[in-house]
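Here is a short briefing on how the chains of this model meet, with a look at one sheet. Please keep the structure open while reading.

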Amino acid sequence: MYAFDFVRPKTVAEAVKALAAEDAQALGGGQTLIPTLKQRLAAPAVLVSLSGIAEMSGVSLSGGTLTIGGGTPHATVAKEARAAYPALAALAGGIGDPAVRSRGTIGGSLANNDPSACYPAAVLGSGATIVTDRREIAADDYFQGMFATALEPGEIITAVRFPVPEKAHYEKFAQPASRFALVGVFVARTGQGARVAVTGASADGVFRWAEAEKALSGGFSAAALAGLAPPTGDMISDLHGSAEYRAHLVKVLTGRAVAAA
Amino acid sequence: MPKVAMRVNGRAVSGEVEGRTLLVQFLREGLGMTGTHVGCDTSQCGACVVHVNGVPVKSCTAFALDLDGAEITTIEGMANADGSLGRVQQAFQDHHGLQCGFCTPGMVMSAAALLAENPTPSEAEIRTYLEGNICRCTGYHNIVKAVLAASGQDPATIAAE
Amino acid sequence: MPKDGIGAPMKRREDLRFLAGDGRYTDDINLHGQAYVWFLRSDVAHGRITRLDTAAAAAMPGVLRVITAEDFAHAGGMITAWQVTNRDGTPQAEPKHPILAEGKVRHIGEPIAGVVAETLEQARDAAEAIELEIEELPAVVDMAAALAPGAPKLHEDIDSNLCFDWGFVDDNKAKVDAAFESAHHVTTLELVNNRCVANAMEPRAAIGLYDRPMDHYTLYTTSQNPHVIRLVMGTFTLQIPEHKLRVVAPDVGGGFGSKIYNYNEECFVTHAAKLVGRPVKWTATRSEAFISDAQGRDHVTKIQLALDKDGMFLAFRTETMANLGAYLRLFATVTPTYLHGPAAGGPYRTPVAHVHVKGVFTNTVPVDAYRGAGRPEGSYQLERVVDKAAREMGIDQAEIRRRNFVKPEEFPYQTPMAVVYDSGNYHATLDKLLELSDYAGFAKRRAESEARGKLRGFGFSTWVEASGLAPSRLIGALGARAGLYESATVRVNPTGGISVLTGTHSHGQGHETVFAQIVADKLGIDAGLVDIVHGDSDKTPFGMGTYGSRSAAVGGSAIAKATDKIIAKAKKIAAHLLEASDADIEVADGKFTVAGTDKAVDWATICLTAYVPHNYPMETLEPGLEETAFYDPANFVYPAGAYGCEVEVDPDTGAVTVMRFVAADDFGVVLNPVVVAGQQHGGIAQGISQALLEHTVYDESGQLVSGSLMDYAILRAGDVPGFTVDHSCVTRCEHNPLGVKGCGEAGAIGAPPAVVNAVVDALQAGGYGIKDIDMPLTPSRVWAAMHEG
């Protein structure tokens with residue numbers, strides 16, 4: 001790792017200030033950033049840890065909306081969201097491994113927006129709202145391609161608000177080495193219709209599978225998907241699976257997710 | 001250089017570290033506690049797992065300064081007060097749950113974390129929980145047996161299907 | 001009988017330190033004044049170094065020295081230990097393998113320079129300041145392309161990219177071809193044995209230390225064979241005589257073959273310690289391990305099996321290309337030849353066979369032995385083609401094997417592949433497999449799987465290996481440049497405790513426990529009186545180390561022999577004390593008794609007498625009680641087994657789930673059943689991992705695409721069920737004193753074909769007429785095979 005200064009503010013305001021420094025970089029749980037730093041693929045001058053900010057951690061339910069602090073570890077979500085939003089809790093409980101889940105945070109995952117990460121599927125699939133230190137961003141506006149988001153430099157995800165859907169499920173087919181999603185599909189039935197969000201498959205990152213949503217909005221059952229062609233688009237092709245295979249998996253997993261929801 | 005202070009295996013420790021100093025480096029190089037191992041650089045293998053405030057953490061993927069004030073337990077802290085092997089450690093010896101010993105510290109710490117969370121896990125739960133710990137020697141069979149035994153269950157129940 | 005004698009399920013004593021966090025691995029060692037090296041490695045697979053300017057780097061903070069190939073001008077290249085002879089009688093091609101790149105780089109990760117600095121991060125900072133320019137040359141990764149006319153040539157000092165062109169047994173070829181012409185049926189299979197990265201959980205590490213006044217070097221290293229490193233690195237490469245070099249391999253976190261070889265980094269730190277006057281430490285990152293540890297397997301093979309109308313094997317022949325990577329490591333040429341050829345014969349009575357292998361240099365990381373070393377490759381091709389032949393001829397998989405097995409009464413059995421199987425009972429292990437796996441109930445289980453929408457298959461693999469490397473005379477005739485005996489010193493201390501010094505090395509195998517059991521058994525004393533010392537060339541007698549399932553068969557036999565010498569001398573001491581003839585002395589339960597009487601002395605008295613020889617037969621016997629034995633076996637040992645794997649395939653995703661795995665092995669006499677079962681489990685897991693997950697992928701430019709554990713999958717706990725392992729079918733090894741065979745490589749040899757045959761079975765039963773499929777059977781590959789029409 002290159003050398004850097006390490007600061008650990010206690011409040012969001014302090015963190016925002018610290019991140020205004022030149023080449024400052026926010027650190028969530030570090031489960032992706034630290035390996036990147038080890039490879040010397042990033043060279044921040046200051047690392048601003050968000051782990052000491054109490055106001056950014058926790059899970060709360062209010063009027064059908066589940067709010068998760070941006071600094072909340074996956075393990076906490078898995079435990080504390082179980083009653084209110086089991087599909088989300090199960091997704092959080094399936095990220096990485098137990099030790100990764102102790103440290104990794106929802107805000108860190110969403111800020112990084114790895115094209116194979118699980119959380120983006122839940123956020124987009126739920127139609128959640130990303131709350132930052134300065135504004136609120138709808139999920140549909142937030143994800144802007146592989147590792148790209150609507151966040152401005154220095155902007156911190158302080159919370160994510162999930163409207164709890166009537167039904168939901170996340171179906172993940174793990175890449176066997178990284179345990180990220182080779183393909184992951186999050187389906188939700190909401191008052192406004194069905195949402196289907198796909199991670200792992202596309203070079204553009206998480207996306208909504210519009211045809212499936214349309215089919216499911218007519219009837220939320222696996223059978224409703226039977227006639228659909230697998231999604232097209234810029235599917236990832238790598239040593240773990242061809243583009244064609246990934247597209248096929250999207251369809252299979254969507255069906256399974258709907259059946260399990 | 002910044003200073004960090006934490007409790008490791010019940011003992012108050014402190015030291016000067018850099019911003020980039022990882023917890024595992026602080027333990028191994030700063031404190032001379034070499035029981036915690038580094039087996040990879042991508043947070044996959046789990047040889048470095050320790051407990052931080054009671055939960056498992058990959059000590060190669062956490063900065064020492066981020067854990068200022070934390071309560072750390074390492075493999076060196078798992079023995080009984082009289083120095084004999086603790087319950088999970090003893091089960092690993094009893095059931096030949098280790099060979100080369102390199103993944104073992106992390107494996108024991110993960111197993112202990114599981115049992116703290118779930119005192120009588122099923123075989124499937126054990127296998128799933130250990131997905132962040134790679135062992136190249138044992139094929140996991142005897143590790144699973146050891147964890148079953150440590151939980152007071154009959155390790156003979158491990159079987160195909 | 002002592003409670004922890006041969007065959008007892010003694011708990012491993014080394015576990016106490018490993019479980020307490022008190023293991024002492026190389027990276028745990030820190031020497032006073034130690035400096036650190038970071039290697040600048042090639043990021044291209046093939047190129048000419050046009051500029052290497054280290055001045056700026058040398059001026060960086062904390063830098064002690066930047067070391068390049070010029071600093072090793074006095075040294076030779078790293079050597080290979082076996083000379084394979086080509087079919088035309090010429091020797092293999094042996095290009096120079098420099099410690100640091102000399103003018104050219106030939107694979108990703110090849111070290112070009114090493115920066116030694118006060119801290120590792122300073123060394124790494126300075127390595128980035130080295131001004132390096134490489135003129136990239138076309139790389140060749142594919143073996144067929146490497147052998148094609150006009151292919152980019154890796155080495156200037158040899159004629160082509162061909163290392164050897166070897167036929168075994170070449171005299172058989174005409175007979176084999178004739179058998180094929182008269183065959184009722186010929187089965188042909190083309191397959192790939194996928195390249196694996198060993199990934200022992202402990203990354204390699206090395207610390208060099210130089211004592212200037214004494215002109216003496218010490219190397220701490222992650223090695224399976226410290227004496228071998230001392231010999232080949234010291235004498236041949238760095239030109240340090242053995243008595244001026246100590247090599248210590250302390251606790252080593254797994255090897256699987258990858259820690260046999262003398263590596264560039266070991267040479268570097270040893271010499272660098274002298275150049276900078278400080279101890280120099282290197283510890284690999286996992287990413288470095290992927291581009292610097294020797295990799296395994298990587299064969300492309302066409303195998304053909306000729307059968308008569310009853311399914312009896314008449315002959316087989318194979319054409320293999322073996323990828324050697326860019327350079328030869330220590331066992332690089334013997335692994336795909338002599339370790340692979342005989343294994344291709346398997347447990348069958350095939351009258352004639354011919355194996356043809358071309359060893360090929362490519363711009364990839366060097367390839368060498370990996371758990372099983374050649375024998376997995378041989379067994380894989382044979383068990384796959386037997387499986388296919390049975391399908392084509394409509395013969396049951398168990399039946400075709402049984403028909404062709406060497407019969408129990410035919411041992412010793414001269415194979416057509418030069419080796420003689422001394423003992424075995426392949427029918428017994430197959431029967432045991434059928435029983436333990438409830439093969440009879442498979443159809444029912446298949447129906448249950450089908451009801452759940454899953455395809456189910458059962459795959460067989462029956463294997464035999466030549467292990468326990470090896471008789472020196474035989475391997476010398478085949479091209480080995482070393483002997484493969486093993487050594488042991490049994491040092492009895494004055495008050496009866498025993499230190500056993502072995503030339504083998506334990507890096508997971510449990511020698512500290514199992515070897516003590518041998519001595520305890522023979523003397524009838526408590527194993528607690530026996531300690532095992534290994535891994536230090538200054539302490540142990542010259543030995544060849546641990547690989548090839550040789551530790552028990554060769555190293556254990558050396559210990560048994562040395563213990564026999566101790567007993568012989570102890571009997572003389574007892575005879576003196578008891579005023580009897582030593583021929584009349586019997587040893588049991590730690591007592592030396594005059595046969596047929598109650599006159600006896602105990603072990604403690606004998607030991608004390610040997611070292612305090614006040615009352616002692618000084619005229620005929622030296623004082624002291626310490627004996628050394630070197631054991632060179634008369635033959636290989638031939639462990640064998642029958643494996644059954646049951647899988648479910650998800651037709652929607654191609655995902656393969658191992659539902660059951662049963663192994664019935666014959667390892668000869670079992671020294672410790674718990675340790676042996678552990679070896680079975682581990683080998684099986686590695687075999688399943690190769691079959692389903694492990695995928696070493698280079699792109700056309702020679703970049704390693706699967707260069708970290710983020711992309712290179714290794715089996716995890718959730719990927720497998722529990723295994724059923726058995727080693728109750730015992731035929732003694734006929735030529736070593738313990739009757740033991742070897743168990744370390746078994747699973748890695750037997751498991752891959754069982755897994756793949758099971759998947760083929762599942763798919764064919766499911767109506768998918770797949771042509772063929774190669775490892776690793778990733779979901780996407782299985783799915784693609786199901787849908788390729």
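**Chain contacts and a sheet in chain C**

In this predicted model, 47 residues of chain B are in contact with 56 residues of chain C. Chain C also meets chain A: 21 residues of chain A are in contact with 24 residues of chain C. Interface size is often expressed as the accessible area lost when the parts come together.

**Chain B with chain C**

- About 4300 Å² is buried between chain B and chain C, and 56% of this lies on carbon and sulfur atoms.
- Five salt bridges are counted between chain B and chain C.
- One salt bridge joins the side chains of K11(C) and D94(B), at 2.7 Å from N to O.
- Polar contacts between chain B and chain C come to 24 residue pairs, both residues at pLDDT 80 or more.
- On the side of chain B that touches chain C, the elements giving two or more residues are α2 (87-94), α3 (104-117), α4 (123-129) and α5 (141-150) of chain B.
- Of these, α2(B) gives the most, with five residues.
- That side of chain B has 19 nonpolar, 18 polar and 10 charged residues.

**Chain A with chain C**

- Chain A and chain C bury about 1900 Å² between them, with 51% of it on carbon and sulfur atoms.
- In chain A, the residues that lose the most area to chain C are R40(A), L239(A) and Y245(A); together they make up 31% of what that side buries.
- Six salt bridges are counted between chain A and chain C.
- A salt bridge links the side chains of R179(A) and D719(C), at 3.2 Å from N to O.
- Across this interface, 17 residue pairs are in polar contact, both residues at pLDDT 80 or more.
- Helix α10 (residues 243-260) of chain A gives the most to the side of chain A that touches chain C, with six residues.
- By class, that side of chain A has 10 nonpolar, six polar and five charged residues.

**A four-stranded sheet in chain C**

- Four strands of chain C form an open sheet in the order β23-β22-β21-β27, with mixed pairing.
- Its edge strands are β23 (530-533) and β27 (626-631) of chain C, each pairing on one side only.
- From one strand to the next, the twist averages 20 degrees.
- Strand β22 (residues 498-502) of chain C pairs with β23(C) in the parallel sense, over four bridges.
- V500(C) stands opposite I532(C) in β23(C).
- Helix α14 (residues 511-523) of chain C lies across β22 and β23 of chain C. The helix α14(C) runs at about 135 degrees to β23(C).

Conventions. Residues numbered from 1 in each chain as written. Chains lettered and ligands numbered in written order. Predicted model: local features only at pLDDT ≥ 70, side-chain atom pairs only at ≥ 80, totals over all residues. Heavy atoms only, no water. Contact = heavy atoms within 4.5 Å. Buried area = accessible area lost by both parts, 1.4 Å probe. Salt bridge = Lys/Arg side-chain N within 4 Å of Asp/Glu carboxyl O. Polar contact = N/O pair within 3.5 Å; in protein donor to acceptor, adjacent residues only side chain to side chain. Nonpolar A, V, L, I, M, F, W, Y, C, P; charged D, E, K, R; others polar. Pairing = 2+ DSSP bridges. Axes fitted to C-alpha atoms, helices over the stretch in contact; angles between N-to-C directions.
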